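Visitor: I am new to this structure and would like a close look at one part of it. Please start from that part and work outward, explaining the terms as you go.

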Amino acid sequence: FVPQEYWSIEGQFKTKTNEEFSAELTHVKGDKLDITCEADAVAIQKDIADHTATVTSVKKSKRSRKPAPPFTTSTLQQDGVRKLNFGAKRTMMIAQHLYEGLEIGSYGHVGLITYMRTDSTRISEIALNEARNYIEENFGKEYLPEKPYIYAAGKSSQDAHEAVRPTNIALSPATVEEYLSKEQLKLYKLIWQRFLGCQILPASYDVMSVTIKGDKYLAKATGSQLKFAGFTAVYNDSDNKKEKDVILPDLQ
């Protein structure tokens, strides 16, 4: 692996009505932008600064994003690292405590999650019905798909145990918070949210893609606005900045 230096250029544009937005430079003289040193980047920056630009295309579309399946052991470990900064061993140790159970007030000793060593995304019918009832009561029918989402197991899956999920969806993170350590609560919340989210309708976005041309330069901007939260009202599985609302002016 040989590291390769590269530079990108983002322009701040202003409409005639003083609405500002940013767009990334993608092409110079019809060729895809490939800047490998600071000198070239600065030269383009100086040259492009005084140009006026024209919006040459505006495309509007809709996009939806489906929820992720419930956790298996491997995906739980991945999100433990990605979202909580827990190593795989630490994630499994905390999950073991949640599985073995804790004293939860008037509930007594409760095992909070199903067995955490599994390669299956299967969910029992009882758990599906509990999740659907919880969604309808707490979010409304508009968040509920007509039928439960069934996630297919991979070809290599032994399917001996269910997916990693809460044993009782009614035990929300807020309900058990005072009985769990900070680390236990973080992991339980992740498992609880992922499971509930996997039974909620997709999120939908309005997307606008804009191409801007100025002399020999071409820039592109993409805006997206969340129109229906869907499963992201519970669990957002993306760390991608593009999933955040980027609202462009109503360009023509």
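Guide: What follows starts with one helix and its partners, then moves on to a set of strands and some aromatic rings.

A few ground rules come before the details. The model is predicted, with local features needing pLDDT of at least 70 and side-chain atom pairs counting only at pLDDT 80 or more, while totals for chains, interfaces and linings use all residues. Residues are numbered from 1 along each chain as its sequence is written, and side-chain values use heavy atoms, leaving out hydrogens and water.

The part to look at is helix H6, residues 182-197. The names of elements come from DSSP runs numbered from the N terminus: helices are H or I runs of at least four residues, and strands are E runs of at least two. One partner of H6 is helix H4, residues 125-138, and the two axes come within 10 Å and cross at roughly 85°. Here an axis is a line fitted to C-alpha atoms, for helices over the stretch in contact, and the angle runs from 0 to 180 degrees between N-to-C directions. The crossing makes H4 roughly perpendicular to H6, a label for angles of 65 to 115 degrees; under 35 counts as roughly parallel, over 145 as roughly antiparallel, and the rest as oblique.

On the H4 side the residues that meet H6 are Ala127, Ala131, Tyr134 and Ile135, and on the H6 side they are Trp192, Phe195 and Leu196. Contact means heavy atoms within 4.5 Å. By class, this contact has 7 nonpolar residues, no polar and no charged. In this scheme Ala, Val, Leu, Ile, Met, Phe, Trp, Tyr, Cys and Pro are nonpolar, Asp, Glu, Lys and Arg are charged, and the others, Gly among them, are polar.

A loop residue also touches this site. Ile169 sits in the loop between H4 and helix H5 (173-176). Apart from neighbours within four places in sequence, Ile169 is in contact with Glu130, Ala131, Tyr134, Trp192, Phe195 and Leu196. Its relative accessible area is 5%, so Ile169 is buried. Buried means under 20% relative accessible area, exposed over 50%, and partly exposed in between, using a 1.4 Å probe and protein chains only. Between the C-alpha atoms of Ile169 and Leu128 there are 9.8 Å, with the two residues 41 apart along the chain.

Another partner of H6 is helix H3, residues 88-100; these axes come within 10 Å and cross at roughly 90°. H3 is therefore roughly perpendicular to H6. H3 contributes Arg90, Thr91, Ile94, Ala95, His97 and Leu98, and H6 contributes Glu183, Gln184, Leu187 and Tyr188. The contact of H3 with H6 divides into 5 nonpolar, 3 polar and 2 charged residues.

The loop between helix H2 (73-84) and H3 holds Asn85. Most residues other than glycine have a negative phi. Asn85 has a positive phi near 60°, and at 64% relative accessibility this residue counts as exposed.

Next come the strands. Strand S7 (residues 203-214) pairs with strand S4 (residues 54-65) in the antiparallel sense over 11 bridges; two strands pair if DSSP finds at least two bridges between them. In this pairing Arg63 stands opposite Tyr205 of S7. S7 is also joined to strand S8 (residues 217-228) by 11 bridges, again antiparallel. Met208 has Gly223 in S8 as its bridge partner. The hairpin of S7 and S8 has 2 residues between the strands, and Asp215 there takes a positive phi near 55°. Asp215 counts as exposed, at 54% relative accessibility.

Val246 lies in the segment after S8. Leaving out residues up to four places away in sequence, Val246 touches Thr222, Gly223 and Ser224. Its relative accessible area of 37% makes Val246 partly exposed.

Last are the aromatic rings. Rings of Phe, Tyr and Trp (its six-membered ring) pair if their centres lie within 6.5 Å; planes under 30 degrees apart are stacked, over 60 edge-to-face, and the rest tilted. The count by this rule is 5 aromatic pairs. One of them is the stacked pair of Phe13 and Phe21, at 5.8 Å centre to centre with 20° between the planes. Phe13 is partly exposed at 22% relative accessibility, whereas Phe21 is buried at 7%. Ring pairs also link Phe139, Tyr143 and Phe228 into a cluster.
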